[in-house]
Amino acid sequence: MTPLRDVVILGGGYAGLGCALRLSALAPDLHITLVDAQDVLCERIRLHQVVVGHVPPRLPYAELVEGTGVAFVQARVLAIDAQARRVGTSVGELAYDRLVVALGSDIVPELPGAAHYADTVGSAGAAARLRDRIAVLAAGSRVVVVGGGLTGIELAAELADARGDLRVHLVDRGALGAGMLHPSATAKLRRSLARLGVTVHERFDATAVEPTRLVGATTSLDLDVCVWTTGFAASSVAARSGLPVGRAGRLAVDATLRSIAHPEIYGIGDAAEPVVDVGAPALMSCRLGLPAGSHAAASLVAEVAGSTPRPWQVRDVLRCISLGRDDGLVQFHRADGRPRAWSLSGAPAAWLKERICRATIWVLRRRADAARRRPRRLSAGPAVGVPSVAAVRTWEQ
Ligand SMILES: Cc1cc2nc3c(=O)[nH]c(=O)nc-3n(C[C@H](O)[C@H](O)[C@H](O)COP(=O)(O)OP(=O)(O)OC[C@H]3O[C@@H](n4cnc5c(N)ncnc54)[C@H](O)[C@@H]3O)c2cc1C
């Protein structure tokens, strides 16, 4: 392995930004460059709130990394050349000694018609478009939310809570809560959704989306707006760059979170998944993205010190679901993800969920403060090659 000086981190979500700030605090003499297509952090875990008009605080990257030694580059990542150790971006090439892929995921509907006729909440742009559609819906309009996972449940509840005049339907291919909630927690969830007026359709096998109808194998549902909440897929950059990927296009990494083909490339958050046992499923989630970022930072520090990075262990004990603003559900589970009989509901669960959402930003700010306190020898500056139009054109082919 070559000496380690330039670390480039692709994606400034919970995983990537968290990794950059932690790394800067632990190893102030590294050159750390963070790349994101946007100039502000997207609090994805609040996007269902954005749909009903919540205006998130602006969190510009320039401000978040100021004084931390992390250089921020706003650019779209196009491809990775692992042999040459360069990244092609919309503003030029970046050379790296170590790369961290943290480009996240998006909802990619695959059913016929879904890409055309269904909205999603996977990104800030998609949530804003859906917000504008919902805002002009007349009372009595039907919104069909497809997907009984955490995102679908939270969105359906949020819509029903904020817009009691709409008829909100939640469609699940299987049984509500199956595999992720204990039967007692599922019963609480059913009561909450019923109180909010959400109609739940279980074992509804959707086969197509039409402009005014969700078509199922045996029946169909009329709708004014369809929202697709399943089918999270990782950023396609790793796969397009020829790096080995696994399920949902996630970069295939080993237990130390390094690419199984290129140990100088780390993969964290939604963008990557260990292909070996790390104690529990590495679900796409903010609650695992933040610790994965921290672990990758510690591994890079170990590399600088000449030692071997340690394996990552998933530690995941609860699922926290908001059900509108005043209700929620917290499901405690075993290390392997199997739900325990123990759950929290109502206002205490809503309170805890809100505290957890706030804690994500608090953790990032704490990491930034720790980085600011460290004296550093190297001046911060991105390892960007001179942006060359020819280079950019080549990458885009
Ligand atoms: C509505 C909703 C509610 C959720 N609620 C929860 C919850 O309660 N708890 C929980 O644990 N998880 C929740 N999640 C999941 C959670 O948001 C994700 O798992 C988490 O955001 C993943 O973090 P990440 O850093 O890996 O990726 P992301 O947060 O997706 O960040 C990826 C970053 O990469 C950037 N990027 C992507 N492609 C490019 C490119 N080509 N070039 C440059 N930049 C690029 C993006 O702009 C983004 O800033 C929710 C998700 C949604 C959509």
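Visitor: Two strands pair if DSSP finds at least two bridges between them, so how many bridges join β13 to β14 here?

Guide: Strand β13, at residues 206-210, and strand β14, at residues 213-216, run antiparallel and are joined by 4 bridges. Strands (E, at least two residues) and helices (H or I, at least four) are DSSP runs that are numbered from the N terminus. Residues are numbered from 1 along each chain as its sequence is written, and side-chain values use heavy atoms, with hydrogens and water left out. The model is predicted, so local features need a pLDDT of at least 70 and side-chain atom pairs count only at pLDDT 80 or more, whereas totals for chains, interfaces and linings use all residues.

Visitor: Okay, and which residues face each other between β13 and β14?

Guide: Glu210 stands opposite Arg213 of β14, while Ala206 has Gly216 as its bridge partner in that strand. The connection between β13 and β14 is a hairpin of 2 residues.

Visitor: What pairs with β14 apart from β13?

Guide: Strand β15, residues 220-222, pairs with β14 in the antiparallel sense over 3 bridges. Arg213 stands opposite Asp222 in β15, and β14 and β15 form a hairpin that has 3 residues between them.

Visitor: Changing topic, what order do the strands take in the sheet with β4?

Guide: The order is β4-β5-β6, an open sheet of 3 strands with antiparallel pairing. Its edge strands, each pairing on one side only, are β4 (77-81) and β6 (92-95). The twist from one strand to the next averages 20°; for such angles, axes are lines fitted to C-alpha atoms, for helices over the stretch in contact, and the values run from 0 to 180 degrees between N-to-C directions.

Visitor: And how many bridges are there between β5 and β6?

Guide: Strand β5, at residues 86-89, pairs with β6 in the antiparallel sense over 4 bridges, and Gly88 stands opposite Glu93 in β6.

Visitor: What's notable about the phi of Arg85?

Guide: Arg85, in the loop between β4 and β5, has a positive phi of about 55° although it is not a glycine. Most residues other than glycine have a negative phi. Arg203 also has a positive phi, near 50°, and its place is in the loop between β12 (199-201) and β13.

Visitor: How are the strands ordered in the sheet with β22?

Guide: That open sheet has 3 strands in the order β21-β22-β23, with antiparallel pairing. The edge strands are β21 (318-322) and β23 (339-345), each of which pairs on one side only, and neighbouring strands are turned by 15° against each other on average, direction ignored.

Visitor: What holds β22 to its partners?

Guide: On one side, 5 bridges join β21 to β22, residues 328-333, and the two run antiparallel; here Ile321 has Leu329 as its bridge partner. Between β22 and β23, which also run antiparallel, there are 4 bridges, and the bridge partner of Val330 is Leu344 in β23. A hairpin with 5 residues between the strands is formed by β22 and β23, and Gly337 in its turn has a positive phi of about 95°.

Visitor: Now the ligand: how many residues surround it?

Guide: There are 30, and the closest are Asp36, Arg44, Val77, Asp270 and Lys353; a residue is near a molecule or strand if one of its heavy atoms lies within 4 Å of it. The shell divides into 13 nonpolar, 10 polar and 7 charged residues. By convention, Ala, Val, Leu, Ile, Met, Phe, Trp, Tyr, Cys and Pro count as nonpolar, Asp, Glu, Lys and Arg as charged, and the others, Gly among them, as polar.

Visitor: Which protein atoms lie 2.9 Å from a ligand oxygen?

Guide: One is an N or O atom in the side chain of Arg44, and another is a backbone N or O atom of Cys286. The protein covers 88% of the 990 Å² of accessible area that the ligand has on its own, as computed by the Shrake-Rupley method with a 1.4 Å probe, where for residues only the protein chains shown count as cover. The elements giving two or more residues to the shell are α1 (14-26), α2 (47-51), α6 (150-162) and α9 (286-304).

Visitor: Why does the ligand lie between domain 1 and domain 2?

Guide: Because domain 1 (6-106 + 232-313 + 360-371 + 384-391) and domain 2 (109-230) both give residues to the shell around the ligand. The domain bounds come from an automatic or database domain assignment.

Technical notes: Pairing = 2+ DSSP bridges. Polar contact = N/O pair within 3.5 Å; in protein donor to acceptor, adjacent residues only side chain to side chain.
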